[in-house]
Amino acid sequence: GVQLHDLNKKLAQTERKFLSDDGLPKRPYFRHVLQAPGMYLGYVSEVFPGVSQACDDGDYGTANQQILVAAQCVTDAALYLSSAVAA
């Protein structure tokens with residue numbers, strides 16, 4: 001069965017699955033696809049920042065691309081965690 005220690009270790013590492021190698025559009029130094037400081041909000045967090053900023057800019061092609069990036073990251077995280085439960 002799954003050992004609590006192993007599951008906790010997986011949970012701690014799961015956050016890394018939400019990082020994009022390319023970073024966010026116009027801000028490659030921010031890599032987290034689920035939350036990041038808003039472009040015009042200072043350090044106030046924005047949810048799905050790549051999608052949100054692209055929509056704010058009226059750039060729906062980039063918004064669609066960022067949806068795919070975020071969806072892949074969520075899928076990767078789910079698969080990563082499910083592998084811990086299946087072990």
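This is a short tour of the structure above, one selection at a time. Keep in mind that the model is predicted.

**Stop 1: the whole chain**

Start with everything shown as a cartoon. You should find three helices and two strands, and reading from the N terminus they come in the order α-β-β-α-α. With 87 residues, the globule rule gives 12 Å, but the radius of gyration here is 15 Å, so the protein is more spread out than a compact globule. Turn the C-alpha trace along its principal axes and it spans about 50 × 25 × 15 Å.

Now switch on the surface. The accessible area is about 5800 Å², and 60% of that belongs to carbon and sulfur atoms. As for the inside, 28% of the residues count as buried. If you look at contacts between residues at least 6 apart in sequence, 37% of them join residues at least 24 apart.

**Stop 2: the nonpolar core**

Next, select Phe18, Val33, Val69, Ala70, Cys73 and Ala77 and show their side chains. These six residues form the largest nonpolar core.

Stay on Phe18 for a moment. Which residues does Phe18 touch, leaving aside those up to four places away in sequence? The list is Arg31, His32, Val33, Leu34, Cys73, Val74 and Ala77.

**Stop 3: the cysteines**

Keep Cys73 on screen and add Cys55. Is Cys73 buried or exposed? Its relative accessible area is 6%, so Cys73 is buried. Cys55, on the other hand, counts as partly exposed, at 35%.

Don't go hunting for a disulfide, though: the structure has zero. Cys55 is in none, and its nearest cysteine sulfur is the one in Cys73. Why is there no bond for Cys73? The closest cysteine sulfur, in Cys55, is 17 Å away, which is too far for one.

**Stop 4: the salt bridge**

Last, select Asp57 and Lys26. Side chains of opposite charge can pair when their charged atoms come close. Here the two side chains meet in a salt bridge, with 2.8 Å from N to O, and the structure holds one such bridge.

Zoom out to see where the partners sit. Asp57 lies in the loop between α2 (49–56) and α3 (60–86), while Lys26 is in the loop between α1 (4–14) and β1 (35–37). The two are 31 residues apart, and the pair links distant parts of the chain.

Finish by checking both on the surface: Asp57 counts as partly exposed, at 35% relative accessibility, whereas Lys26 is exposed, at 61%.

Methods
Residues are numbered from 1 along each chain as its sequence is written. This is a predicted model: local features need pLDDT of at least 70, side-chain atom pairs count only at pLDDT 80 or more; totals for chains, interfaces and linings use all residues. Side-chain values use heavy atoms; hydrogens and water are left out. A disulfide is a pair of cysteine sulfur atoms within 2.5 Å. Buried means under 20% relative accessible area, exposed over 50%, partly exposed in between (1.4 Å probe, protein chains only). A nonpolar core is a set of buried Ala, Val, Leu, Ile, Met, Phe, Trp, Tyr and Cys residues joined through side-chain atoms within 4.5 Å. Contact means heavy atoms within 4.5 Å. Helices (H or I, at least four residues) and strands (E, at least two) are DSSP runs, numbered from the N terminus. The radius of gyration is taken over C-alpha atoms; the globule rule is 2.2 Å times the number of residues to the power 0.38. Accessible areas come from the Shrake-Rupley method with a 1.4 Å probe; for residues, only the protein chains shown count as cover. A salt bridge is a side-chain nitrogen of Lys or Arg within 4 Å of a carboxyl oxygen of Asp or Glu.
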